[in-house]
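Please find below my notes on this model, set out as numbered points. They begin with helix packing and then turn to the sheets, the metal site and the ligand surroundings.

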Amino acid sequence: MKGEFELIRRIAERFRAPEGVTGIGDDCAVIPQMSGKDTLVSTDMLMEGSHFLLSGTGKGRAISARELGWKSAAVNLSDIAAMGGRPTGVFLSLALPPKITDGWMEEFMVGFKEICDRFGVVLLGGDTTASPDRLCINVTVLGECPSGAARTRAAARGGDLICVTGTLGDSAAGLRLIASDQTEGREGGFDGQKDVAEQRNCTTGREEERYLIDRHYMPMPRVEEGLALSGCEGVHAMMDVSDGIASDLQHILRASQSSDVDQQNDGAGLQPASTGTGLSAEIDLNALPLSDELLRVCEREGWDAAELAVEGGEDYELLFTMAPGTEPPIPCTVIGRILSAGEISEPEGQSATEGYDSRTAVQVTPGEIRWIGGKKSDYRGFVHF
Ligand code: ADP
Ligand code: MG
(Lines give C-alpha, C1' and ligand atoms only; values in the text may rest on other atoms or scores of the structure.)
(Ligands and ions follow the chains in the order given, each with its own letter.)
Protein backbone atom coordinates (compact mmCIF):
# COMPACT_ATOMS: atom_id res chain seq x y z
CA MET A 1 0.00 0.00 0.00
CA LYS A 2 1.10 3.53 -0.74
CA GLY A 3 0.91 4.75 2.83
CA GLU A 4 -1.80 5.91 5.17
CA PHE A 5 -2.59 9.30 3.68
CA GLU A 6 -2.60 8.16 0.07
CA LEU A 7 -4.98 5.37 1.07
CA ILE A 8 -7.31 7.77 2.89
CA ARG A 9 -7.19 10.14 -0.08
CA ARG A 10 -8.26 7.31 -2.39
CA ILE A 11 -11.10 6.39 -0.06
CA ALA A 12 -12.12 10.04 0.25
CA GLU A 13 -12.24 10.76 -3.46
CA ARG A 14 -15.23 8.42 -3.88
CA PHE A 15 -17.39 10.65 -1.71
CA ARG A 16 -18.17 14.31 -1.57
CA ALA A 17 -19.29 15.86 1.70
CA PRO A 18 -22.60 17.75 1.42
CA GLU A 19 -22.48 21.54 1.20
CA GLY A 20 -21.52 23.03 4.57
CA VAL A 21 -20.27 19.74 6.03
CA THR A 22 -16.58 19.23 6.84
CA GLY A 23 -15.87 15.62 5.90
CA ILE A 24 -12.74 13.49 5.65
CA GLY A 25 -9.42 15.19 6.35
CA ASP A 26 -9.85 17.03 9.63
CA ASP A 27 -9.75 15.90 13.27
CA CYS A 28 -13.55 15.65 13.29
CA ALA A 29 -16.38 15.81 10.82
CA VAL A 30 -18.38 19.02 11.39
CA ILE A 31 -22.11 18.69 10.70
CA PRO A 32 -24.35 21.79 10.97
CA GLN A 33 -27.63 21.32 12.88
CA MET A 34 -30.93 23.18 12.75
CA SER A 35 -30.34 24.20 16.38
CA GLY A 36 -27.63 26.64 15.34
CA LYS A 37 -24.96 24.34 16.74
CA ASP A 38 -22.54 22.16 14.83
CA THR A 39 -22.14 18.47 15.70
CA LEU A 40 -18.59 17.10 15.80
CA VAL A 41 -17.81 13.40 15.23
CA SER A 42 -14.54 11.50 15.26
CA THR A 43 -13.47 7.87 15.60
CA ASP A 44 -10.15 6.22 16.46
CA MET A 45 -9.05 2.61 16.72
CA LEU A 46 -6.43 1.16 19.07
CA MET A 47 -4.99 -2.18 18.02
CA GLU A 48 -3.01 -4.51 20.26
CA GLY A 49 0.49 -4.93 18.87
CA SER A 50 0.34 -1.64 16.94
CA HIS A 51 -0.82 0.91 19.51
CA PHE A 52 -0.20 -0.92 22.76
CA LEU A 53 1.26 -4.12 24.18
CA LEU A 54 -0.60 -6.24 26.68
CA SER A 55 1.71 -9.19 27.00
CA GLY A 56 5.30 -9.08 28.12
CA THR A 57 7.59 -9.13 25.14
CA GLY A 58 10.54 -8.97 27.46
CA LYS A 59 10.71 -5.26 26.73
CA GLY A 60 9.22 -2.40 28.61
CA ARG A 61 6.17 -2.08 30.80
CA ALA A 62 2.88 -3.17 29.27
CA ILE A 63 -0.02 -0.76 29.54
CA SER A 64 -2.39 -1.47 32.44
CA ALA A 65 -6.11 -2.06 31.91
CA ARG A 66 -7.01 1.24 33.58
CA GLU A 67 -4.50 3.18 31.51
CA LEU A 68 -5.74 1.62 28.29
CA GLY A 69 -9.33 2.50 29.17
CA TRP A 70 -8.26 6.08 29.85
CA LYS A 71 -6.16 6.36 26.71
CA SER A 72 -8.85 4.90 24.42
CA ALA A 73 -11.22 7.69 25.44
CA ALA A 74 -8.50 10.37 25.73
CA VAL A 75 -7.24 10.14 22.15
CA ASN A 76 -10.80 10.56 20.89
CA LEU A 77 -11.69 13.43 23.22
CA SER A 78 -8.54 15.10 21.95
CA ASP A 79 -10.01 15.25 18.44
CA ILE A 80 -13.00 17.20 19.80
CA ALA A 81 -10.57 19.49 21.64
CA ALA A 82 -8.68 19.92 18.35
CA MET A 83 -11.77 21.53 16.79
CA GLY A 84 -12.42 23.69 19.86
CA GLY A 85 -15.60 21.79 20.69
CA ARG A 86 -17.23 20.37 23.81
CA PRO A 87 -17.45 16.56 23.94
CA THR A 88 -20.93 15.20 24.67
CA GLY A 89 -20.97 11.42 24.21
CA VAL A 90 -18.92 8.36 23.28
CA PHE A 91 -19.51 4.94 21.73
CA LEU A 92 -17.20 2.04 22.64
CA SER A 93 -16.65 -1.03 20.45
CA LEU A 94 -14.54 -3.95 21.60
CA ALA A 95 -13.18 -7.05 19.87
CA LEU A 96 -12.16 -9.20 22.83
CA PRO A 97 -9.72 -12.16 22.67
CA PRO A 98 -10.09 -15.05 25.18
CA LYS A 99 -7.22 -13.81 27.36
CA ILE A 100 -9.22 -10.77 28.51
CA THR A 101 -10.69 -11.56 31.92
CA ASP A 102 -13.68 -10.01 33.71
CA GLY A 103 -11.29 -8.39 36.19
CA TRP A 104 -9.25 -6.81 33.42
CA MET A 105 -12.39 -5.49 31.74
CA GLU A 106 -13.55 -3.99 35.07
CA GLU A 107 -10.32 -2.05 35.36
CA PHE A 108 -10.45 -0.98 31.72
CA MET A 109 -13.87 0.53 32.39
CA VAL A 110 -12.58 2.26 35.54
CA GLY A 111 -10.04 4.17 33.42
CA PHE A 112 -12.51 4.77 30.60
CA LYS A 113 -15.15 6.17 32.97
CA GLU A 114 -12.63 8.21 34.93
CA ILE A 115 -11.79 10.39 31.94
CA CYS A 116 -15.37 10.47 30.62
CA ASP A 117 -16.54 11.76 34.02
CA ARG A 118 -13.80 14.35 34.04
CA PHE A 119 -15.21 15.89 30.87
CA GLY A 120 -18.88 15.21 31.60
CA VAL A 121 -19.17 12.73 28.74
CA VAL A 122 -21.50 9.70 28.77
CA LEU A 123 -21.24 6.35 27.02
CA LEU A 124 -24.16 6.10 24.58
CA GLY A 125 -23.54 2.75 22.90
CA GLY A 126 -21.04 0.58 21.08
CA ASP A 127 -20.50 -2.97 19.93
CA THR A 128 -18.94 -6.08 21.46
CA THR A 129 -17.54 -9.02 19.56
CA ALA A 130 -14.99 -11.79 19.95
CA SER A 131 -11.49 -11.62 18.54
CA PRO A 132 -9.40 -14.74 17.91
CA ASP A 133 -6.18 -13.27 19.17
CA ARG A 134 -5.72 -9.55 19.66
CA LEU A 135 -7.64 -6.91 21.53
CA CYS A 136 -9.03 -4.13 19.35
CA ILE A 137 -10.74 -1.03 20.72
CA ASN A 138 -12.68 1.52 18.70
CA VAL A 139 -14.13 4.67 20.21
CA THR A 140 -16.37 7.17 18.47
CA VAL A 141 -16.81 10.55 20.10
CA LEU A 142 -19.51 13.17 19.62
CA GLY A 143 -19.18 16.85 20.44
CA GLU A 144 -20.66 20.22 19.68
CA CYS A 145 -19.73 23.83 19.15
CA PRO A 146 -21.54 27.01 18.18
CA SER A 147 -22.28 27.20 14.48
CA GLY A 148 -19.12 28.01 12.51
CA ALA A 149 -16.89 28.10 15.62
CA ALA A 150 -14.98 24.87 14.88
CA ARG A 151 -11.34 25.47 14.08
CA THR A 152 -10.31 23.36 11.10
CA ARG A 153 -6.88 22.50 9.76
CA ALA A 154 -7.64 24.53 6.65
CA ALA A 155 -7.78 28.01 8.21
CA ALA A 156 -4.08 28.98 8.47
CA ARG A 157 -3.08 32.26 6.81
CA GLY A 158 0.27 33.63 5.70
CA GLY A 159 1.94 35.55 8.54
CA ASP A 160 0.15 33.59 11.31
CA LEU A 161 2.16 32.65 14.37
CA ILE A 162 2.38 28.90 15.05
CA CYS A 163 1.68 27.95 18.68
CA VAL A 164 1.38 24.88 20.89
CA THR A 165 -0.09 24.22 24.32
CA GLY A 166 1.87 22.37 27.02
CA THR A 167 5.14 20.61 26.25
CA LEU A 168 6.18 18.41 23.32
CA GLY A 169 8.14 15.16 23.20
CA ASP A 170 7.23 13.74 26.62
CA SER A 171 5.07 10.96 25.22
CA ALA A 172 7.65 9.96 22.62
CA ALA A 173 10.35 9.82 25.29
CA GLY A 174 8.02 7.75 27.48
CA LEU A 175 7.49 5.34 24.60
CA ARG A 176 11.22 5.15 23.95
CA LEU A 177 11.83 4.33 27.62
CA ILE A 178 9.17 1.63 27.51
CA ALA A 179 10.42 0.16 24.22
CA SER A 180 14.12 0.28 24.99
CA ASP A 181 13.65 -1.30 28.39
CA GLN A 182 15.59 1.46 30.08
CA THR A 183 13.29 2.08 33.01
CA GLU A 184 14.42 1.09 36.45
CA GLY A 185 12.53 -1.20 38.83
CA ARG A 186 9.84 -1.99 36.29
CA GLU A 187 8.03 -5.29 36.08
CA GLY A 188 5.55 -5.14 33.25
CA GLY A 189 3.78 -7.96 31.45
CA PHE A 190 0.12 -8.71 30.98
CA ASP A 191 -1.74 -10.74 33.53
CA GLY A 192 -5.48 -10.63 33.28
CA GLN A 193 -5.72 -12.06 36.82
CA LYS A 194 -3.76 -9.29 38.49
CA ASP A 195 -5.70 -6.56 40.18
CA VAL A 196 -5.24 -2.97 39.21
CA ALA A 197 -2.96 -2.12 42.10
CA GLU A 198 -0.47 -4.69 40.93
CA GLN A 199 -0.76 -3.58 37.31
CA ARG A 200 -0.23 0.03 38.37
CA ASN A 201 2.82 -1.08 40.27
CA CYS A 202 4.66 -1.82 37.08
CA THR A 203 6.37 1.52 37.13
CA THR A 204 9.85 2.80 37.04
CA GLY A 205 11.75 3.99 40.07
CA ARG A 206 12.74 7.32 38.60
CA GLU A 207 10.38 10.25 38.98
CA GLU A 208 11.02 11.81 35.56
CA GLU A 209 10.73 8.47 33.79
CA ARG A 210 7.41 7.82 35.48
CA TYR A 211 6.22 11.25 34.39
CA LEU A 212 7.15 10.62 30.74
CA ILE A 213 5.59 7.16 30.70
CA ASP A 214 2.42 8.54 32.28
CA ARG A 215 2.26 11.19 29.56
CA HIS A 216 2.37 8.35 27.04
CA TYR A 217 -0.11 6.03 28.74
CA MET A 218 -2.52 8.60 30.19
CA PRO A 219 -2.55 11.66 27.90
CA MET A 220 -4.76 14.58 28.91
CA PRO A 221 -6.90 15.96 26.08
CA ARG A 222 -6.81 19.77 26.03
CA VAL A 223 -10.58 20.24 25.97
CA GLU A 224 -10.79 23.43 28.07
CA GLU A 225 -7.90 24.97 26.15
CA GLY A 226 -9.54 24.11 22.83
CA LEU A 227 -12.79 25.72 23.92
CA ALA A 228 -10.98 28.89 24.99
CA LEU A 229 -9.08 29.03 21.71
CA SER A 230 -12.19 28.58 19.56
CA GLY A 231 -13.69 31.56 21.36
CA CYS A 232 -10.75 33.74 20.35
CA GLU A 233 -11.18 35.48 17.02
CA GLY A 234 -7.49 35.67 16.11
CA VAL A 235 -7.06 31.88 16.35
CA HIS A 236 -7.25 30.40 12.85
CA ALA A 237 -6.26 26.75 12.15
CA MET A 238 -6.08 24.13 14.90
CA MET A 239 -5.42 20.41 15.33
CA ASP A 240 -4.12 18.05 18.00
CA VAL A 241 -0.60 16.65 17.95
CA SER A 242 -0.94 12.93 17.41
CA ASP A 243 1.82 12.12 14.91
CA GLY A 244 4.39 14.80 15.86
CA ILE A 245 4.40 18.39 14.62
CA ALA A 246 6.72 17.53 11.70
CA SER A 247 3.81 15.58 10.24
CA ASP A 248 0.85 17.38 11.81
CA LEU A 249 1.90 20.89 10.79
CA GLN A 250 2.14 19.68 7.20
CA HIS A 251 -1.54 18.75 7.38
CA ILE A 252 -2.33 22.34 8.31
CA LEU A 253 -0.16 23.71 5.50
CA ARG A 254 -1.63 21.42 2.86
CA ALA A 255 -5.23 21.74 4.04
CA SER A 256 -4.93 25.52 4.18
CA GLN A 257 -3.38 25.89 0.77
CA SER A 258 -5.86 23.45 -0.78
CA SER A 259 -8.75 25.47 0.62
CA ASP A 260 -7.28 28.48 -1.23
CA VAL A 261 -6.53 26.74 -4.47
CA ASP A 262 -9.17 24.02 -4.74
CA GLN A 263 -12.54 24.13 -3.05
CA GLN A 264 -13.34 20.49 -3.85
CA ASN A 265 -13.56 17.86 -1.15
CA ASP A 266 -10.17 16.41 -1.89
CA GLY A 267 -9.65 15.02 1.62
CA ALA A 268 -8.45 18.39 2.84
CA GLY A 269 -4.77 18.28 3.56
CA LEU A 270 -4.35 14.72 2.39
CA GLN A 271 -2.96 15.42 -1.04
CA PRO A 272 0.81 15.69 -1.66
CA ALA A 273 2.54 19.04 -1.20
CA SER A 274 1.61 21.53 -3.83
CA THR A 275 4.33 22.53 -6.20
CA GLY A 276 2.60 25.79 -7.05
CA THR A 277 1.56 28.52 -4.72
CA GLY A 278 0.77 27.74 -1.12
CA LEU A 279 1.74 28.10 2.48
CA SER A 280 4.95 26.94 4.13
CA ALA A 281 6.32 27.37 7.64
CA GLU A 282 9.42 28.08 9.68
CA ILE A 283 9.86 26.53 13.11
CA ASP A 284 12.43 27.70 15.66
CA LEU A 285 13.59 24.51 17.35
CA ASN A 286 15.04 26.55 20.22
CA ALA A 287 11.56 27.84 21.02
CA LEU A 288 10.00 24.39 21.53
CA PRO A 289 8.38 23.97 24.95
CA LEU A 290 10.22 21.07 26.63
CA SER A 291 9.57 19.70 30.11
CA ASP A 292 12.36 19.49 32.69
CA GLU A 293 11.66 15.76 32.88
CA LEU A 294 12.29 15.38 29.15
CA LEU A 295 15.48 17.45 29.30
CA ARG A 296 16.84 15.43 32.25
CA VAL A 297 16.21 12.06 30.57
CA CYS A 298 17.57 13.29 27.21
CA GLU A 299 20.75 14.53 28.86
CA ARG A 300 21.25 11.22 30.64
CA GLU A 301 20.47 9.05 27.60
CA GLY A 302 22.09 11.26 24.96
CA TRP A 303 18.78 11.72 23.13
CA ASP A 304 17.96 14.76 20.98
CA ALA A 305 15.04 16.43 22.77
CA ALA A 306 14.11 18.55 19.74
CA GLU A 307 13.90 15.45 17.58
CA LEU A 308 11.56 13.73 20.07
CA ALA A 309 9.50 16.91 20.31
CA VAL A 310 8.89 17.31 16.59
CA GLU A 311 9.03 13.71 15.31
CA GLY A 312 7.47 11.86 18.23
CA GLY A 313 3.72 11.72 18.40
CA GLU A 314 0.95 11.26 20.93
CA ASP A 315 1.47 14.44 22.90
CA TYR A 316 -2.19 15.35 22.31
CA GLU A 317 -1.33 19.02 22.79
CA LEU A 318 -3.01 21.58 20.53
CA LEU A 319 -1.15 22.99 17.54
CA PHE A 320 -2.73 26.18 16.24
CA THR A 321 -2.06 29.31 14.21
CA MET A 322 -3.07 32.82 15.17
CA ALA A 323 -2.87 36.28 13.68
CA PRO A 324 0.13 38.31 14.95
CA GLY A 325 -0.94 40.56 17.82
CA THR A 326 -3.55 38.09 19.12
CA GLU A 327 -3.65 37.75 22.92
CA PRO A 328 -3.99 33.98 23.40
CA PRO A 329 -6.56 33.18 26.13
CA ILE A 330 -4.49 30.29 27.55
CA PRO A 331 -0.79 29.64 28.26
CA CYS A 332 0.95 28.55 25.06
CA THR A 333 4.27 28.86 23.24
CA VAL A 334 4.94 30.49 19.88
CA ILE A 335 7.24 28.15 17.96
CA GLY A 336 7.21 29.55 14.44
CA ARG A 337 5.42 31.31 11.65
CA ILE A 338 3.31 30.50 8.59
CA LEU A 339 4.89 31.84 5.40
CA SER A 340 2.77 33.07 2.49
CA ALA A 341 3.41 31.84 -1.04
CA GLY A 342 6.74 33.19 -2.20
CA GLU A 343 7.63 34.70 1.16
CA ILE A 344 11.26 34.53 2.22
CA SER A 345 12.21 32.81 5.50
CA GLU A 346 14.74 35.04 7.18
CA PRO A 347 15.14 33.95 10.79
CA GLU A 348 16.31 36.52 13.30
CA GLY A 349 19.92 35.93 14.32
CA GLN A 350 19.31 35.51 18.03
CA SER A 351 17.03 32.50 17.61
CA ALA A 352 19.60 30.40 15.80
CA THR A 353 22.30 28.42 17.65
CA GLU A 354 25.36 26.47 16.52
CA GLY A 355 23.00 23.85 15.07
CA TYR A 356 21.68 23.60 11.56
CA ASP A 357 20.96 27.04 10.21
CA SER A 358 22.58 28.58 7.22
CA ARG A 359 21.37 31.99 8.45
CA THR A 360 20.67 32.79 4.84
CA ALA A 361 17.24 33.76 3.68
CA VAL A 362 15.50 30.99 1.76
CA GLN A 363 12.23 30.46 0.02
CA VAL A 364 10.55 27.41 1.51
CA THR A 365 8.77 24.96 -0.80
CA PRO A 366 4.97 25.19 -0.41
CA GLY A 367 3.71 22.58 2.06
CA GLU A 368 7.16 22.23 3.63
CA ILE A 369 8.68 23.36 6.92
CA ARG A 370 12.01 25.10 7.47
CA TRP A 371 13.59 23.91 10.72
CA ILE A 372 15.80 26.52 12.36
CA GLY A 373 18.42 25.87 15.04
CA GLY A 374 18.34 22.05 15.15
CA LYS A 375 20.90 19.35 14.46
CA LYS A 376 19.26 18.29 11.20
CA SER A 377 17.83 20.09 8.20
CA ASP A 378 14.76 17.88 8.01
CA TYR A 379 12.44 16.12 10.44
CA ARG A 380 9.70 13.59 9.78
CA GLY A 381 6.70 12.72 11.95
CA PHE A 382 5.33 9.31 12.77
CA VAL A 383 4.17 7.25 9.79
CA HIS A 384 1.58 4.54 10.55
CA PHE A 385 2.41 2.46 7.45
P1 ADP B 1 -6.58 11.89 13.68
O2 ADP B 1 -5.13 11.55 13.89
O3 ADP B 1 -6.91 13.30 13.99
O4 ADP B 1 -7.50 10.90 14.35
P5 ADP B 1 -6.33 10.56 11.19
O6 ADP B 1 -4.95 10.86 10.75
O7 ADP B 1 -6.60 9.25 11.87
O8 ADP B 1 -6.83 11.75 12.13
O9 ADP B 1 -7.31 10.68 9.98
C10 ADP B 1 -7.27 11.77 9.10
C11 ADP B 1 -8.62 11.96 8.46
O12 ADP B 1 -8.94 10.85 7.63
C13 ADP B 1 -9.78 12.09 9.44
O14 ADP B 1 -10.67 13.05 8.93
C15 ADP B 1 -10.42 10.71 9.41
O16 ADP B 1 -11.81 10.78 9.69
C17 ADP B 1 -10.18 10.28 7.98
N18 ADP B 1 -10.07 8.82 7.83
C19 ADP B 1 -9.12 8.01 8.31
N20 ADP B 1 -9.32 6.74 7.93
C21 ADP B 1 -10.45 6.73 7.18
C22 ADP B 1 -11.21 5.71 6.52
N23 ADP B 1 -10.83 4.44 6.55
N24 ADP B 1 -12.32 6.10 5.86
C25 ADP B 1 -12.71 7.38 5.83
N26 ADP B 1 -12.04 8.38 6.44
C27 ADP B 1 -10.93 8.07 7.12
MG1 MG C 1 -6.48 14.53 15.57
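1. Helix 7 (residues 223–230) lies across strand 7 and strand 9, and runs at about 15° to strand 9. Helix 2 also lies across strand 7 and strand 9 (318–322), running at about 170° to strand 7. Helices (H or I, at least four residues) and strands (E, at least two) are DSSP runs numbered from the N terminus, while the axes behind the angles are lines fitted to C-alpha atoms, for helices over the stretch in contact, with angles running from 0 to 180 degrees between N-to-C directions.

2. This is a predicted model, in which local features need pLDDT of at least 70 and side-chain atom pairs count only at pLDDT 80 or more, whereas totals for chains, interfaces and linings use all residues. Residues are numbered from 1 along each chain as its sequence is written, chains are lettered from A and ligands numbered from 1 in the order in which they are written, and side-chain values use heavy atoms, with hydrogens and water left out.

3. The sheet that contains strand 7 and strand 9 is an open one of 6 strands, in the order 7-9-6-10-8-13 and with mixed pairing; two strands are taken to pair if DSSP finds at least two bridges between them. Strand 7 and strand 13 (369–372) are the edge strands, each with a single partner, so one side of each is left without a neighbour in the sheet. Direction ignored, neighbouring strands of this sheet are turned by 25° against each other on average. Within the sheet, strand 6 (residues 161–164) and strand 10 (residues 333–339) pair in the antiparallel sense over 4 bridges, and C163 stands opposite V334 in strand 10.

4. A further open sheet is formed by 5 strands in the order 1-2-5-3-4, and its pairing is also mixed. Its edges are strand 1 (29–32) and strand 4 (122–130), each of which has a single partner strand, so one side of each is left without a neighbour in the sheet. From one strand to the next the twist averages 15°.

5. The pairings of this 5-strand sheet can be followed individually. Strand 2 and strand 5 run antiparallel and are joined by 11 bridges, with T39 opposite E144 in strand 5. Strand 3 and strand 5 likewise run antiparallel, with 9 bridges, and V141 in strand 5 is the bridge partner of V90. Strand 3 (residues 86–96) and strand 4, by contrast, run parallel and are joined by 8 bridges, with A95 opposite T129 in strand 4. Helix 2 (residues 65–83) packs on the sheet, touching strand 1, strand 2 (37–47), strand 3 and strand 5 (136–146), and its direction makes about 145° with that of strand 2. Helix 3 (residues 102–118) packs on the sheet as well, touching strand 3, strand 4 and strand 5, at about 165° to the direction of strand 3.

6. In helix 6 (residues 207–217), the residues E208, E209, L212, I213, R215, H216 and Y217 are buried, where buried means under 20% relative accessible area, exposed over 50% and partly exposed in between (1.4 Å probe, protein chains only). Their cover includes helix 2, helix 4 (170–179) and helix 9 (292–301), contact being defined as heavy atoms within 4.5 Å.

7. The magnesium ion (ligand 2) is coordinated by D27 (OD), D79 (OD) and D240 (OD) at 2.0 to 2.1 Å. Donors are N, O and S atoms within 2.8 Å of the metal (3.2 Å for Na, K and Ca), and water is not among the atoms, so sites may look incomplete. The donor residues are spaced D-x51-D-x160-D in sequence, and the pair of D79 in helix 2 and D240 in strand 7 (residues 235–240) links parts of the chain 161 residues apart. D79 counts as buried at 8% relative accessibility, and D240 is buried with a relative accessible area of 1%.

8. The residues around ligand 1, each with a heavy atom within 4 Å of it, include D27 and D79 together with G25, R153 and S242. Three polar contacts (pairs of N or O atoms within 3.5 Å; within protein, one must be able to donate a hydrogen and the other to accept it, and residues adjacent in sequence count only if both atoms are side-chain atoms) deserve listing. An oxygen atom of ligand 1 is 2.8 Å from a polar backbone atom of G25, a polar side-chain atom of R153 lies 3.2 Å from an oxygen atom of the ligand, and an N or O atom in the side chain of S242 is 3.3 Å from an oxygen atom of ligand 1.
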